[in-house]
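Open the model in your viewer and keep the sequence panel visible. The stops below are given in the order in which to select them.

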Amino acid sequence: MSDQRLIRATALLFCLRFLAAFLIDLAPQETYYWNYAEHPALSYFDHPPMIAWVIGAGQFFLGKNALGVRLGGLLITLLSTCLLYMLGRFWFNRRAGLWAALLFQLIPLYFVYGLLITPDVPLIFFWLLTLYLVSLAVREEKKWAWYLAGAALGLCLLSKYTAIFLVPSALLWLIIDRCHRQWLVRKEPYLALLIAALFFTPVILWNVEHDWASFSFQVSDRLNRAPSHPVKNLGEFLLMQVGVA
């Protein structure tokens, strides 16, 4: 498939997603998150506040209707597609980036995430943005990119708690890759973590005011739902975090 066909196929799939968002009624889960936007807060019981901000921004431009609720998610999905292209081109080549963008639009799970507005939509975008900025920092020796990566990670954490897995993943990569291990003894990655923690402050403040209810729900309540083996409970928890908005 030529590069032009890859671009046209990706654009067509995005247009189909936009049309479906206009025609399909809101799912119950989406109305639940819409209720977040109707009641602004620093955070919420089962998720950080980013999903409410994204829905609120869409409603600001298109009003309280299905497309208004989904507009922010659709635009973020478009940006995620661009980021995947940029990552593929950065680490491999232009064609790899085009295929990554097309597959992101084509794989059913990610097609649904871009069509319906859930916390996974901003999570994916800020996750990819963090990866791209860390790539710039490490491969191109751009120190400033570490600080932007910290901000992106903070926004990722404000989208969904599973963003925390980016930290040990990046750490493991730096440990394994001998060429980039030098960053472990430099200040920039640790200052990036500090910036991410500052961005995450609203969630911490909300939990302080509500007896850590959100963290308790995400960890203790989900892991202790049934008296089964703790390893099985942990596996179920991780699967829920990845597959359930």
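**Stop 1: helix α5 and its surroundings**

Select α5 together with α1 (3-23), α4 (66-91), α6 (108-115) and α7 (120-139): these four are among the elements that cover the buried residues of α5. Helices here are DSSP runs of H or I with at least four residues, strands are E runs of at least two, and both are numbered from the N terminus. Buried means under 20% relative accessible area, exposed over 50%, and partly exposed in between, with a 1.4 Å probe and protein chains only. This is a predicted model, in which local features need pLDDT of at least 70 and side-chain atom pairs count only at pLDDT 80 or more, while totals for chains, interfaces and linings use all residues. Residues are numbered from 1 along each chain as its sequence is written, and side-chain values use heavy atoms, with hydrogens and water left out.

Now keep α5 alone, residues 94-106. Its 13 residues reach 18 Å from first C-alpha to last, close to the 18 Å expected at 1.5 Å a residue; the expected span is 1.5 Å times one less than the number of residues. Colour G97, L98, A101, L102, F104 and Q105, the buried residues of α5. They cover an arc of only 160° around the axis, so they sit on the same side of α5; the arc is that of the directions from the helix axis to the C-beta atoms.

At the N-terminal end of α5, show N93, which caps the helix: a side-chain oxygen lies 3.2 Å from the backbone nitrogen of R95. For such a polar contact, a pair of N or O atoms must be within 3.5 Å; within protein, one must be able to donate a hydrogen and the other to accept it, and residues adjacent in sequence count only if both atoms are side-chain atoms.

**Stop 2: R89**

Go to R89 in helix α4. R89 is partly exposed, at 43% relative accessibility. Leaving out residues up to four places away in sequence, R89 touches R94 and G97, where contact means heavy atoms within 4.5 Å. A distance label between the C-alpha atoms of R89 and A100 should read 9.5 Å, for a separation of 11 residues in sequence.

**Stop 3: the cores**

Which residues have the most contacts inside the largest nonpolar core? Select I55, I117 and W146; the core has 47 residues. A nonpolar core is a set of buried Ala, Val, Leu, Ile, Met, Phe, Trp, Tyr and Cys residues joined through side-chain atoms within 4.5 Å. Elements giving two or more residues to this core include α2 (28-38), α3 (50-62) and α8 (143-157). The most come from α7, with 12 residues. Apart from this core lies another, of 6 residues, among them L6, Y85, L98 and L102.

Centre on I55: beyond four places in sequence, I55 touches Y33, W34, A37, G68, V69 and I117. Then pick Q59 in helix α3, which is buried at 11% relative accessible area. With the same sequence exclusion, Q59 touches W34, A37, E38, K64, G68 and V69.

**Stop 4: the loop between α11 and α12**

Select D211, found in the loop between α11 (201-209) and α12 (213-223). D211 has a positive phi of about 55° although it is not a glycine, and is exposed, with a relative accessible area of 69%. W212 lies in the loop between α11 and α12 as well; its phi is near 60°, and W212 is partly exposed at 40%.

**Last stop: the whole chain**

Zoom out to the protein chain, which has 13 helices and 0 strands. Buried residues make up 43% of its 245 residues.
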